[in-house]
Amino acid sequence: MPARFRSTFFGDLDVDVTFDAPIGKMTHFVIGGQADALVRPRSADALSLLLRRCHDSQVPFRVLGNGANLLVDDIGIDGIVVKLDHDCFKQTRYHTTDQGEALHAMSGADMATTLMETVRHGLDGLTAMTGIPASIGGAVRMNAGGKYGCISDTLDTITCLSTTGELITHTKQNIQFGYRESRIAEPIILSATFTLQHCDPIPIRDKVKEIFAWKKSCQPLADSSAGCAFKNPLLPDGTRMSAGKLIDNAGLKGLSVGGASISKQHANFIVTNANATARNVIDLMQTVRERVKDKTQIHLQNEVVTWSRDPEVIR
Ligand SMILES: Cc1cc2nc3c(=O)[nH]c(=O)nc-3n(C[C@H](O)[C@H](O)[C@H](O)COP(=O)(O)OP(=O)(O)OC[C@H]3O[C@@H](n4cnc5c(N)ncnc54)[C@H](O)[C@@H]3O)c2cc1C
């Protein structure tokens, strides 16, 4: 970001700004470099004005959720990273409709907190999100989920901000959800609504416990990771094959590059220790892709989102 922007760009906006912000350390990997600026708007209006200004001045910006699916390169990233963690972006509210109970969640709300809130209220519909660290916005953007379902199952609408800061609402029918992706033209998801069903809280709580126990038994939840590193590849018959199994069958469990290694518990998890760098993870992922391709002819696609100043790194 040119020096002249630093002094004038944010001056009149209701935002908190940190220059040369260590955003890599804000991800679940806890590795990687800086962004030119981390900006925390104090209202949706301030966020809207910020987007318009970025658009008019051609300053790149990205949005950071909980950082659970992100790898930030050691050399950092250009432009602004927006973090929606002021209270106004974390609120949830409920109201009764003909279809059930509607949950309106701002995109900065924490998924685990929101899930437990719905369980306490005896509301079913978010249990598939058990054990998935996320903000509401990040979960919608990634269409987070797994064998128990995904976030789009109970989603009704999302409200977004366009690149020029206008509010736009989409119903679920107008959004293309895919496997670990959603096609949303706007850069920022501001809030989402879900339809939940009233149920006895005890069986919902039991379901959450069951899913969590299953995840704990097969995923390295105590280690630093970004969940599954690669998407499960699509087979010609339309089903998906386990990327973890492909990596395991290639004999790669336990393989390390520097402080990054393939988890011995789940071969699709790359875990890092305190000495790891983002390049270790990038290089390890490249090796995995090459070895699996050599053995099976299958190309593994990243599930982890990578941010870098170097366009070559983002594949
Ligand atoms: C231990 C562990 C287990 C996991 N298990 C699963 C699992 O079972 N299933 C699964 O799907 N994922 C899993 N993940 C990955 C991760 O939890 C999900 O991808 C989650 O949706 C990421 O949400 P986030 O808020 O952390 O997004 P981030 O990682 O911060 O960002 C991910 C992407 O979403 C974008 N984004 C974030 N917020 C917004 C917003 N408000 N508007 C627009 N775009 C936004 C970011 O720009 C980025 O492109 C796991 C991760 C870990 C660490």
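This dialogue considers the ligand site and the domain arrangement of a predicted model.

Visitor: Which residues come nearest to the ligand?

Guide: A shell is read from the residues around a ligand that have a heavy atom within 4 Å of it. Here there are 32 residues around the ligand, and Val63, Gly65, Pro133, Ser135 and Gly145 come nearest.

Visitor: How many residues of the shell are nonpolar, polar and charged?

Guide: The shell around the ligand holds 17 nonpolar residues, 12 polar ones and three charged ones.

Visitor: Which polar atoms of the protein lie at short range from the ligand's oxygen atoms?

Guide: One looks for pairs of N or O atoms within 3.5 Å. A polar backbone atom of proline 133 is 2.5 Å from an oxygen atom of the ligand. For a polar backbone atom of asparagine 66, the distance to a ligand oxygen is 2.9 Å. With arginine 180 the side chain takes part: an N or O atom there is 3.4 Å from an oxygen atom of the ligand.

Visitor: How much of the ligand's accessible area does the protein cover?

Guide: On its own the ligand has 980 Å² of accessible area, and the protein covers 93% of that.

Visitor: Which elements give two or more residues to the shell?

Guide: They are strand E3 (61–64), helix H4 (136–142), strand E15 (188–198) and strand E19 (305–307). H4 gives the most, with five residues.

Visitor: Where does the ligand lie with respect to the domains?

Guide: The domain assignment gives domain 1 (3–87), domain 2 (91–218) and domain 3 (243–313). Because domain 1 and domain 2 both give residues to the shell, the ligand lies between them.

Visitor: What describes the contact of domain 1 with domain 3?

Guide: Taken over C-alpha atoms, the centres of domain 1 and domain 3 are 27 Å apart. The contact takes 20 residues from domain 1 and 17 residues from domain 3. About 1700 Å² is buried between these two domains, 58% of it on carbon and sulfur atoms. Of the area that domain 1 buries against domain 3, Phe29, Leu71 and Asp73 supply 35%, more than any other three residues.

Notes
Residues are numbered from 1 along each chain as its sequence is written. This is a predicted model: local features need pLDDT of at least 70, side-chain atom pairs count only at pLDDT 80 or more; totals for chains, interfaces and linings use all residues. Side-chain values use heavy atoms; hydrogens and water are left out. A polar contact is a pair of N or O atoms within 3.5 Å; within protein, one must be able to donate a hydrogen and the other to accept it, and residues adjacent in sequence count only if both atoms are side-chain atoms. Accessible areas come from the Shrake-Rupley method with a 1.4 Å probe; for residues, only the protein chains shown count as cover. Helices (H or I, at least four residues) and strands (E, at least two) are DSSP runs, numbered from the N terminus. Ala, Val, Leu, Ile, Met, Phe, Trp, Tyr, Cys and Pro count as nonpolar, Asp, Glu, Lys and Arg as charged, and the others, Gly among them, as polar. Domain bounds come from an automatic or database domain assignment. Contact means heavy atoms within 4.5 Å. Buried area is the accessible area (1.4 Å probe) that two parts lose on being put together, summed over both.
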